[in-house]
Amino acid sequence: MKKFKLGVLAMALVSMLGFTSCLDGGETSTTGGGYEIVKVNNFMGLHTFTTQYGVTLTPLNTSQVETWPTTEFAYIGFTYEQEGVTENGIDVTLFGIQRIPDGRVIPNAPTEADANAGIYSLSSTSNSQFVYGFYQLNDLFLYMSFYIRNVDQDDMLDEIDTHQFSLYYDPAEDFTSSSMTLYLRHNVTNMAEDDQFRTLVEDWRHFDLSPALSSYKAAYGKEPTNIIISYEQSTDGSYEDNRVSDRTAEFNYTDAVNYYKQWLESQEGNNNSDEE
């Protein structure tokens, strides 16, 4: 079977850059699978992943992975069989890996110098739904589409690495009793004056919201009900003033908190039952 490299794994698709599927065409029956944002573990060359609920996913087809993510988090596609589910975790067969680079979270209002490029959308190009994720309660993941320079496929990940994303906030101005507004800005680190951005890509970014959430709780004694992401939209790759529009995307953070806490309570209940 052919090996596969790190790629860009689209949200609900098996669409990869530099990826060749290694599934056997359906000859092996599987009982489950899907896509997951996971923490990447590498202990003396042993690669595993951990879900936000503490489940360890151990890849069975590690020899087929040509490159492993060096980022803290990754987005993976996998399948598993029933006999691979144990008390220690799940043995999985990977069919895609996408690294998730880190963005910055900065406690200042953004300035004009903080951005030199826009963002096409905070959603998959296949639909208009706002796409985000959490790992536990502090690690936010935004799925965004943006324009890059035309490069060969082998150079695409290096080109994507030149696109930096940061969330800015001023607690005095951007926090209210119910919401927290974060300003997403896009900066290309090695932009030349004659660069043309014509290739639209989609990618995840990870943001550690711990400082922002702590600051909000210090001000209001609770978590924000809603988190608002404000960004500069460019639908054609241009950053000219008349081609960029201010847009917002919003989600209910309380729902994410409640969902995770409910899961923790259910696990505590299960543990108590086992002890009895």
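## A tour of the salt bridges, loops and surface patches

A search of the whole structure finds 7 salt bridges, a salt bridge being a side-chain nitrogen of Lys or Arg within 4 Å of a carboxyl oxygen of Asp or Glu. The model is predicted, so local features need pLDDT of at least 70 and side-chain atom pairs count only at pLDDT 80 or more, while totals for chains, interfaces and linings use all residues. Residues are numbered from 1 along each chain as its sequence is written, and side-chain values use heavy atoms, with hydrogens and water left out.

**The whole chain.** Begin with the complete protein, which has 4 helices and 14 strands; these are DSSP runs numbered from the N terminus, with helices being H or I of at least four residues and strands being E of at least two. Of its 276 residues, 44% count as buried, where buried means under 20% relative accessible area, exposed means over 50%, and partly exposed lies in between (1.4 Å probe, protein chains only). Among contacts between residues at least 6 apart in sequence, 70% join residues at least 24 apart, a contact being heavy atoms within 4.5 Å.

**Arg99 and Asp161.** Select this pair next: the two residues form a salt bridge whose closest N and O atoms are 2.9 Å apart. Arg99 lies in strand 6 (residues 89-100) and Asp161 in helix 1, so the bridge ties together parts that are 62 residues apart in sequence. Arg99 counts as buried at 14% relative accessibility, whereas Asp161, with a relative accessible area of 33%, is partly exposed.

**Glu159 and Arg149.** Staying with helix 1, select Glu159, which forms a salt bridge with Arg149, the closest N and O atoms being 3.1 Å apart. Because Glu159 belongs to helix 1 and Arg149 to strand 9, this pair ties together parts that are 10 residues apart in sequence. Both Glu159 and Arg149 are buried, and adding Asp195 to the selection shows a network of salt bridges that links Arg149, Glu159 and Asp195.

**Gln196.** From Arg149, move to Gln196, which lies 47 residues away from Arg149 in sequence but 5.9 Å away in space, C-alpha to C-alpha. Gln196 is placed in the loop between strand 11 (179-188) and strand 12 (197-208), and it counts as partly exposed at 46% relative accessibility. Not counting residues up to four places away in sequence, Gln196 touches Ile148, Arg149 and Asn150.

**Arg205 and Asp203.** Another salt bridge to select joins Arg205 with Asp203, with the closest N and O atoms 2.4 Å apart; Arg205 and Asp203 are both buried.

**Ser238.** Next, go to the loop between strand 13 (226-233) and strand 14 (245-252), where Ser238 is found. Ser238 is buried, with a relative accessible area of 16%, and, leaving aside neighbours within four places in sequence, Ser238 is in contact with Arg243 and Val244.

**The acidic patch.** Now turn to the surface and select Asp152, Asp154, Asp155 and Asp158, which form a negative surface patch. Patches are made of residues with over 30% relative accessible area and no salt bridge, like charges being joined within 9 Å and nonpolar side chains (Val, Leu, Ile, Met, Phe, Trp, Tyr) within 5 Å. Asp152 sits in the loop between strand 9 (139-149) and helix 1 (156-161), and at 55% relative accessibility Asp152 counts as exposed.

**The nonpolar patch.** End with Leu46, found in strand 2 (residues 46-50) and exposed, with a relative accessible area of 51%. Together, Phe43, Met44 and Leu46 make a nonpolar surface patch of about 420 Å².

Conventions
Areas by Shrake-Rupley, 256 points an atom, 1.4 Å probe, with all protein chains shown as cover. Lys, Arg positive; Asp, Glu negative; His and termini not counted. Charge placed at Lys NZ, Arg CZ, Asp CG, Glu CD.
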